Structures are given as C-alpha cells and as structure tokens.
Amino acid sequence: DVGSRERRLRDMERMAERRKVVIHFTDGQPDSSHHVTRAVQVCRQAGIRVYAIGVGSYMGGTLESQYGKDNWEVIGTVAELPKAVARLIAKLDTFQR
C-alpha cells in the first residue's frame, strides 16, 4: 500500500543514522514493476540506498531494471542468504552520503 510505504520512508528520513539502507527481498515478480521502480527512486532521492535479493530462479534482468547495476543478488535457496547479504554489505563501504 502506497500510504504505508510513504510513512515508512518518512520514519527512515527522521532516523539519525548517517547511512540508511533498504534490502528488499523479492520473488522478482512484482504486482506492479512501476511501483517498485518508483519506490526505489523515492528512497534514493531521500538518500537511502536500496538493494534487492531475489529468491528463486534467475531474474537478473528484472532486478537490474528495477534496482540498477550491482544493486541486487539472486539466491536459489535460503542457505545462500548469508553470503548474498554479506556481498551487499560489502558494497556499503562504497556508499558515500
């Protein structure tokens, strides 16, 4: 729901932390890819870094179009989750605000 997303964004904007990150877990088949792309844009405009972890079969083209190059990982099983999260966290070192 758009209203609840906007409330969560406002809550994040009020946080004192210098760096803010959202990791979105997805099956890569959004109900509305437009809404996903727009939500990512709004977060980035607010200074929030957005990454995605796709769970399931390869969906790199979809994730890249929604989240951008190098801002996503795909895992086939939950056992792969810790390494995928670690790779995304390693990218945070390059995030400057």
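**Exercise 1. Contacts of valine 50**

Leaving aside neighbours within four places in sequence, which residues is valine 50 in contact with?

*Solution.* Start with the source. This is a predicted model: local features need pLDDT of at least 70, side-chain atom pairs count only at pLDDT 80 or more, and totals for chains, interfaces and linings use all residues. Residues are numbered from 1 along each chain as its sequence is written, and side-chain values use heavy atoms, with hydrogens and water left out.

Next, fix the term. Contact means heavy atoms within 4.5 Å. Now list the partners of valine 50: Val22, Val40, Cys43, Arg44, Tyr67 and Asn71. One of these partners, valine 22, stands opposite valine 50, which is in β2.

**Exercise 2. The sheet**

Find the order of the strands in the sheet, and say which strands are at its edges.

*Solution.* Take the elements from the N terminus on: they run α-β-α-β-α-β-α. That gives four helices and three strands. Helices (H or I, at least four residues) and strands (E, at least two) are DSSP runs, numbered from the N terminus.

Then look at pairing. Two strands pair if DSSP finds at least two bridges between them. The three strands form an open sheet in the order β1-β2-β3, with parallel pairing. The edge strands are β1 and β3 (72-75), since each pairs on one side only. From one strand to the next, the twist averages 20 degrees. Between β1 and β2 there are seven bridges.

Last, add a helix. Helix α4 (residues 81-91) lies across β1, β2 and β3 and runs at about 170 degrees to β3. For such angles, axes are lines fitted to C-alpha atoms, for helices over the stretch in contact, and angles run from 0 to 180 degrees between N-to-C directions.

**Exercise 3. The cores**

List the residues of the largest nonpolar core and the elements that each supply at least two of them.

*Solution.* A nonpolar core is a set of buried Ala, Val, Leu, Ile, Met, Phe, Trp, Tyr and Cys residues joined through side-chain atoms within 4.5 Å. Buried means under 20% relative accessible area, exposed over 50%, partly exposed in between (1.4 Å probe, protein chains only).

The largest core has ten residues: Val36, Val40, Cys43, Ile48, Val50, Ala52, Met59, Leu63, Tyr67 and Trp72. α2 (33-45), β2 (48-55) and α3 (60-67) each supply at least two of them. Apart from this core lies another, of six residues, including Ile53, Ile75, Leu88 and Leu92. In soluble globular proteins, nonpolar side chains tend to be buried together.

**Exercise 4. Threonine 26**

Is threonine 26 buried or exposed?

*Solution.* Locate threonine 26: it is in strand β1 (residues 20-26). Read its relative accessibility, 13%, so threonine 26 counts as buried. Then check what it touches: not counting residues up to four places away in sequence, threonine 26 touches Ile53, Gly54, Val55, Met59 and Leu63.

**Exercise 5. Salt bridges**

How many salt bridges are there?

*Solution.* A salt bridge is a side-chain nitrogen of Lys or Arg within 4 Å of a carboxyl oxygen of Asp or Glu. By this rule the count is two.

Take aspartate 70 and lysine 69: their closest N and O atoms are 4.0 Å apart. Aspartate 70 is partly exposed, at 46%. Lysine 69 is exposed, at 59%.

Take glutamate 73 and arginine 87: here the closest N and O atoms are 2.9 Å apart. Glutamate 73 lies in strand β3 and arginine 87 in helix α4, so the pair ties together parts 14 residues apart in sequence. Glutamate 73 counts as buried, at 12%. Arginine 87 is partly exposed, at 39%.
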